[in-house]
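Q: I would like to learn how to read a ligand site and a metal site from a set of atoms. Could we go through them step by step?

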Amino acid sequence: MLLKRLQITRHTPSSTRFIVAFGATVLVVLVLVIGLLNWSGREVDRFAYERDRSTVSLLLRQTIARIGFAQRSSMVWDASAHELRRRPVNTAWFDPNLNVWFHDLAAIDEAYVLSPDDDIIYARRGRHRLVPAAYTPVAAAADPLVQRLRSILRTRISSPGGLPRMSPTHADYALLHGRPAIVSVKPIGSNIRMAAPTPGRDAIHVAVVYLDRGYLSRLGGHYGLDDVTYSRQPSALASAASVALIGRQGQTIGYFVWKPFAPGSRLIAAIGPILLLGMVVLTCVMYSLASRLARRTVDLEQSRLQAQHQATHDALTGLANRAMFEQRLDEALLRSRRSGAITALLYLDLDRFKQVNDTLGHPAGDALIRQVARRLVDEVRDYDVVARLGGDEFAIIISEPSGYSAIERICARIVAEIERPFDLSGSQAYIGASIGVSFAPQDGVDRIELTRKADIALYKAKMNGRSRFVLFTADLDEDVRSREANYRDLRQALDDPDRQFAVHYQPIFVAATGEMTGVEALLRWEHPELGLVTPGGFISAAEESGLIEVLGEWVLRRVLRDARAWPSLRVAVNVSPVQLRSRAFVDTVRSALDESGIAPGQLELELTETALMSASDEVGQALRDLRGLGIACALDDFGTGYSSLSHIRDFAVDRIKIDRSFVQAVDTVQGAALVEAIVSLASANGLRLTAEGVETEEQYAFLRRVGCEEVQGFLLGRPMPMRDVARILE
Ligand code: C2E
Ligand code: CA
Ligand code: CA
């Protein structure tokens with residue numbers, strides 16, 4: 001309901017949506033950055049690790065090559081062949097030539113020399129000579145190498161004409177005394193032609209280099225590997241790097257284990273916290289900026305909604321205003337046009353609102369309007385539109401009612417609701433509502449058309465006596481069309497009233513004697529197209545448009561001017577209630593009298609019951625003022641309005657004019673009795689009496705018989721132009 005829709009919530013879903021979106025974005029970026037960092041760190045680590053492993057493998061290969069190279073370079077001379085054959089062994093020659101040199105320059109830890117019969121002819125560790133038995137632990141690893149070497153030497157030399165080549169290296173990893181080592185075998189002096197008399201019967205040099213302690217510290221020192229150690233088992237630590245030492249037979253001798261350099265992880269460890277901190281700070285800054293922006297957006301949205309609400313709603317009641325109403329009606333009519341469903345438009349106008357506003361003040365008026373709005377909203381469904389069009393005018397759009405009778409029921413309810421008293425801070429106000437209804441598509445599917453018709457129906461409701469509703473019908477439209485045409489023509493005619501307007505006079509006679517005592521002035525309109533138009537066709541239009549004041553004044557002056565020709569005749573002029581209510585009326589009459597020089601007693605004003613019934617203080621005062629001037633006042637059309645006969649004495653008038661309808665009815669018993677009663681009541685209250693509309697001799701005879709004072713009617717004289725009156729008088 002419109003009144004209930006007024007609150008705009010502060011926490012719009014858009015702010016929550018913003019926080020969710022922002023959080024999600026931050027999370028995604030964070031995950032991406034961390035993931036990328038982690039990935040690149042790992043990649044860098046992997047590269048570094050692979051490099052370390054290949055470095056270690058390369059070093060081992062280089063070590064083997066170095067040993068082989070050292071063995072070969074020291075044994076390629078003839079002297080060695082000679083010394084080898086000497087028994088007992090000349091250790092004095094062996095020590096400097098074969099082993100000390102090796103140890104000092106080639107870092108070979110142990111050296112052995114085998115005779116062609118594989119006897120240990122020389123053994124040494126470092127600078128110390130050993131007993132041949134020291135070879136035993138080495139033999140397990142060295143023997144297969146030695147056998148292979150001998151078989152190669154045999155085939156090489158046996159190939160006829162083959163040139164002696166550099167001796168091949170034979171080396172393997174071995175575990176000696178629980179230590180990893182390289183064992184390398186070489187023939188001594190066999191590169192020299194004829195060095196060995198029988199192929200394969202060379203002396204063999206066996207070199208051992210241990211791969212732990214000094215070797216590992218050199219390795220670490222030269223190549224930047226951290227804490228390289230030897231281990232029999234692979235390291236259990238995930239973070240450790242290792243290279244396996246695998247012998248020729250595929251046996252694992254052990255592992256070199258070291259702490260990998262891991263530059264990626266180091267980088268992450270170094271910059272990670274800074275990066276994280278930076279991102280947290282950045283996120284905070286971005287959040288505060290973005291949330292400020294979001295708040296601004298929400299505020300803007302809020303004020304836009306507010307502005308929109310103000311632009312489309314009535315400030316006093318919170319109902320839709322005219323702009324909104326028109327929009328909603330257009331929408332409803334569009335639906336009607338598409339689906340053929342009914343849309344009802346109710347135009348509503350408060351009765352007597354102005355009085356409440358005038359007597360209780362504007363704040364009370366405002367409070368009243370608000371209460372009316374609430375009652376209206378309560379009478380319709382949530383999706384019907386209640387709008388305030390201004391002042392005390394409202395409109396209601398009812399979409400797809402269950403039928404026309406449903407609308408009639410709603411209207412009746414609203415009329416009843418608004419008739420209930422309103423409590424305005426202590427005082428009770430009684431007002432009413434008039435409602436005009438039009439329907440789409442029946443009365444039109446266009447907004448302008450539909451509102452016009454609802455307005456016409458509303459006008460009719462007010463004319464019918466207010467506090468009621470009227471549904472639009474086609475004949476109402478006819479009324480309005482002719483009324484509008486009348487307005488236009490009247491306004492034009494009044495530019496020069498003497499041209500199109502004329503006053504006719506109907507004579508009035510004393511019933512008993514037939515003497516003519518007066519005339520009643522009756523207005524005629526010489527319409528350029530319609531010809532002579534009688535007042536019934538345009539007086540009400542003149543009253544509604546307010547033109548009656550100008551027109552009435554023109555009639556009055558015309559009549560008073562004409563009346564100068566018949567000083568003996570009373571002239572009666574019809575006065576509209578609208579004229580009587582005007583403050584200026586008495587002054588107008590006075591000045592017209594003065595101008596014409598007519599005696600006030602010669603003038604009689606005919607007032608209708610309605611004018612006198614609605615007698616406000618002003619009308620009562622005007623009546624007193626007029627009679628004070630010496631002007632007579634007559635109650636016209638007596639019997640047609642609200643008055644009961646017993647009220648006759650309450651009217652402050654001099655004369656009563658019995659309406660034509662009573663005169664027509666004198667041929668019935670009741671009609672006759674009624675007229676008789678009026679005659680006696682009038683004479684009892686000292687009122688003068690005229691019977692109107694006498695058309696037959698019977699009526700005339702009856703009126704004379706019952707003692708009616710004066711008569712007027714077609715039987716005795718029709719309304720006529722002024723010059724005809726003069727002729728009658730003659
Ligand atoms: P009214 O004041 O009741 O005037 C008498 C009407 O009855 C006149 O109609 C008259 O022609 C008609 N009439 C008179 N005798 C007979 C009769 O025997 N039979 C029938 N059937 N009708 C008779 P008219 O002239 O058409 O005027 C109609 C009404 O217009 C008047 O009713 C009066 O209320 C109003 N009116 C006329 N002139 C003026 C005017 O200058 N100012 C104002 N405000 N109203 C006027
Ligand atoms: Ca009259
Ligand atoms: Ca009359």
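Q: Which strands each supply at least two residues of the shell around ligand 1?
A: A useful start is to ask which secondary-structure elements contribute to a shell, bearing in mind that this is a predicted model. Here β18 (516–527) and β22 each supply at least two residues of the shell around ligand 1, and β18 gives the most, with 4 residues.

Q: How many nonpolar, polar and charged residues does the shell around ligand 1 have, and which residues come nearest?
A: Composition by class and proximity are two separate readings of a shell. By class, the shell around ligand 1 has 8 nonpolar, 6 polar and 8 charged residues, and of these 22 residues Gln506, Arg524, Asp636, Glu695 and Phe714 come nearest.

Q: Which N or O atoms of the protein lie at short range from atoms of ligand 1?
A: Here one looks at pairs of N or O atoms, keeping backbone and side chain apart. A backbone N or O atom of leucine 523 lies 3.1 Å from a nitrogen atom of ligand 1, whereas an N or O atom in the side chain of arginine 524 is 2.8 Å from an oxygen atom of the ligand. An N or O atom in the side chain of glutamate 692 is 3.4 Å from an oxygen atom of ligand 1. As for coverage, ligand 1 on its own has 790 Å² of accessible area, of which the protein covers 82%.

Q: Which protein atoms are the donors of the calcium ion (ligand 3), and how are the donor residues spaced in sequence?
A: For a metal, one lists donor atoms with their distances, and then looks at where the donor residues fall along the chain. The calcium ion (ligand 3) has as protein donors Asp636 (OD), Asp637 (OD) and Glu692, the latter listed for two OE entries, at 2.1 to 2.4 Å, and the spacing of the donor residues is D-D-x54-E. Aspartate 636 lies in strand β22 (residues 632–638) and glutamate 692 in the loop between β24 (688–691) and α22 (697–706), so this pair ties together parts that are 56 residues apart in sequence.

Q: Which residue bridges two calcium ions, and is that residue buried or exposed?
A: A bridging residue is one shared by two metals. Aspartate 636 bridges the calcium ion (ligand 3) and the calcium ion (ligand 2), which lie 3.8 Å apart. Aspartate 636 is buried, with a relative accessible area of 6%, and glutamate 692 also counts as buried, at 10%.

Definitions and conventions. Residues are numbered from 1 along each chain as its sequence is written. Chains are lettered from A and ligands numbered from 1 in the order in which they are written. This is a predicted model: local features need pLDDT of at least 70, side-chain atom pairs count only at pLDDT 80 or more; totals for chains, interfaces and linings use all residues. Side-chain values use heavy atoms; hydrogens and water are left out. Donors are N, O and S atoms within 2.8 Å of the metal (3.2 Å for Na, K and Ca); water is not among the atoms, so sites may look incomplete. Buried means under 20% relative accessible area, exposed over 50%, partly exposed in between (1.4 Å probe, protein chains only). A residue is near a molecule or strand if one of its heavy atoms lies within 4 Å of it. A polar contact is a pair of N or O atoms within 3.5 Å; within protein, one must be able to donate a hydrogen and the other to accept it, and residues adjacent in sequence count only if both atoms are side-chain atoms. Accessible areas come from the Shrake-Rupley method with a 1.4 Å probe; for residues, only the protein chains shown count as cover. Ala, Val, Leu, Ile, Met, Phe, Trp, Tyr, Cys and Pro count as nonpolar, Asp, Glu, Lys and Arg as charged, and the others, Gly among them, as polar.
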